[in-house]
Amino acid sequence: MSILVVGSVAFDTIHNHLGTHPKVLGGSATYASLAAAPYAPTQLVGVVGRDFPEDAIELMRRKRIGLDGLEVADGKTFHWEGRYTDDLTSRVSISTELNVFADFEPKVPKEARSVPYVLLGNIHPTLQMQVLDQLDSPKLVIADTMNFWIEGTPNELAEMLKRIDVLVINEDEARQLSGLYNIVKAAEKLRAAGPSTVIIKRGEYGALLFRASELFHAPALPLREVQDPTGAGDTFAGAFLGFVASRDATDEETLRQAVVHGSAVASYCVEGMSVSGLVDIKKQDIETRVDLFRRLIHIPTNPVH
Ligand code: AMP
């Protein structure tokens, strides 16, 4: 079953423990569609400027990401600049230049309107809703957001939340959006605002899934080498939805496996700079890492004596 991804396609300037990396490939839709593509046919809706390099387009084509909905507009590609602390546990946004996204009106290609699985990657919530307006009746819509939109467009974000099934959000932003520090109460409040499922990403501590009375936790894989956590959240969301689409199911068991797949592909993402950790992964690599997760969390059930 196919997937539609909307979000930013970007140049990122990243400052981290390895130095400054100017204008590397990034964007929420870029990471999410690279992560979803190994699982299911994936189409991207977004915009880039005339400065966007042909080799980046070529990379996405090679990964068989449908680009009919990627507009090339006059102007400059979205640019985000961020700085990580040396331990990579936190980052600050230095600048967010919307550029061509400022006047963007997403157009979903006709053939994609009946797509069953939709990922509204981090971007202006109005753009996320404009994409939904053009779709027939998707089976599952998941969305991501971040502090930039929580602070800048709270009313639009509240409207968007009413129209989605799954919200994927990081821990700090869940607290910020709900106004609650306790993560269980924050998830309850976010579920009351619209999405029946809320997934809270906790960086190196994994992810929590809240759905009705269900609670599921998947750890993140402890890694020896982390180069660049940028895009890990979008990667998680892309692989999560990719798995769901490949099974064409949204039951509890499927969602639990999808969370582990999201975490497994995100672990590849953070091992390389920009998208380099994602470009060469094959289905078999993902399975190998999912097995590592199984072993990581296996709890024997010997009787107590
Ligand atoms: P993540 O690390 O998963 O939060 O995602 C990082 C990606 O989000 C980067 O590649 C940025 O280009 C992109 N990004 C950063 N800020 C924004 C924003 N305000 N809107 C859309 N995309 C953004």
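Let's begin with a definition: two strands pair if DSSP finds at least two bridges between them. Helices (H or I, at least four residues) and strands (E, at least two) are DSSP runs, numbered from the N terminus. Before we look around, please remember that this is a predicted model, in which local features need pLDDT of at least 70, side-chain atom pairs count only at pLDDT 80 or more, and totals for chains, interfaces and linings use all residues. Residues are numbered from 1 along each chain as its sequence is written, and side-chain values use heavy atoms, with hydrogens and water left out.

Now, the four-stranded sheet. This open sheet runs in the order 3-2-6-7, with mixed pairing. At its edges sit strand 3 (19-26) and strand 7, each pairing on one side only. From one strand to the next, the twist averages 20 degrees. Angles here run from 0 to 180 degrees between N-to-C directions, and axes are lines fitted to C-alpha atoms, for helices over the stretch in contact.

How do strand 2 and strand 3 pair, parallel or antiparallel? They are antiparallel, over six bridges. One spot to find on your screen is Phe11, whose bridge partner in strand 3 is Leu25. Helix 1 (residues 28-36) lies across strand 2 and strand 3, at about 70 degrees to strand 3.

On to the other sheet. Nine strands make an open sheet in the order 5-4-1-8-9-10-11-12-13, again with mixed pairing. Its edge strands are strand 5 (65-73) and strand 13 (214-218). Here the twist averages 15 degrees from one strand to the next.

Within that sheet, strand 10 (residues 166-170) and strand 11 (residues 197-201) pair in the parallel sense over five bridges. Val168 stands opposite Ile199 in strand 11. Helix 6 (residues 171-178) lies across strand 10 and strand 11, running at about 110 degrees to strand 10. Helix 9 (residues 252-270) packs on the sheet too, touching strand 11, strand 12 (207-211) and strand 13; contact means heavy atoms within 4.5 Å.

Finally, the ligand. Which residues are closest to the ligand? Of the 21 residues that surround the ligand, the closest are Ser8, Asp12, Gly27, Gly231 and Asp234. A residue counts as near if one of its heavy atoms lies within 4 Å.

Now some polar contacts (pairs of N or O atoms within 3.5 Å). A polar side-chain atom of Asp12 lies 2.5 Å from a ligand oxygen atom. For Arg91, a side-chain N or O atom is 2.8 Å from an oxygen atom of the ligand. In Trp149, a side-chain N or O atom is 3.2 Å from a nitrogen atom of the ligand. The protein covers 95% of the 510 Å² of accessible area that the ligand has on its own, using the Shrake-Rupley method with a 1.4 Å probe.

Which helix gives the most to the shell around the ligand? That is helix 8, with three residues. Thanks for listening!

Conventions. A polar contact is a pair of N or O atoms within 3.5 Å; within protein, one must be able to donate a hydrogen and the other to accept it, and residues adjacent in sequence count only if both atoms are side-chain atoms.
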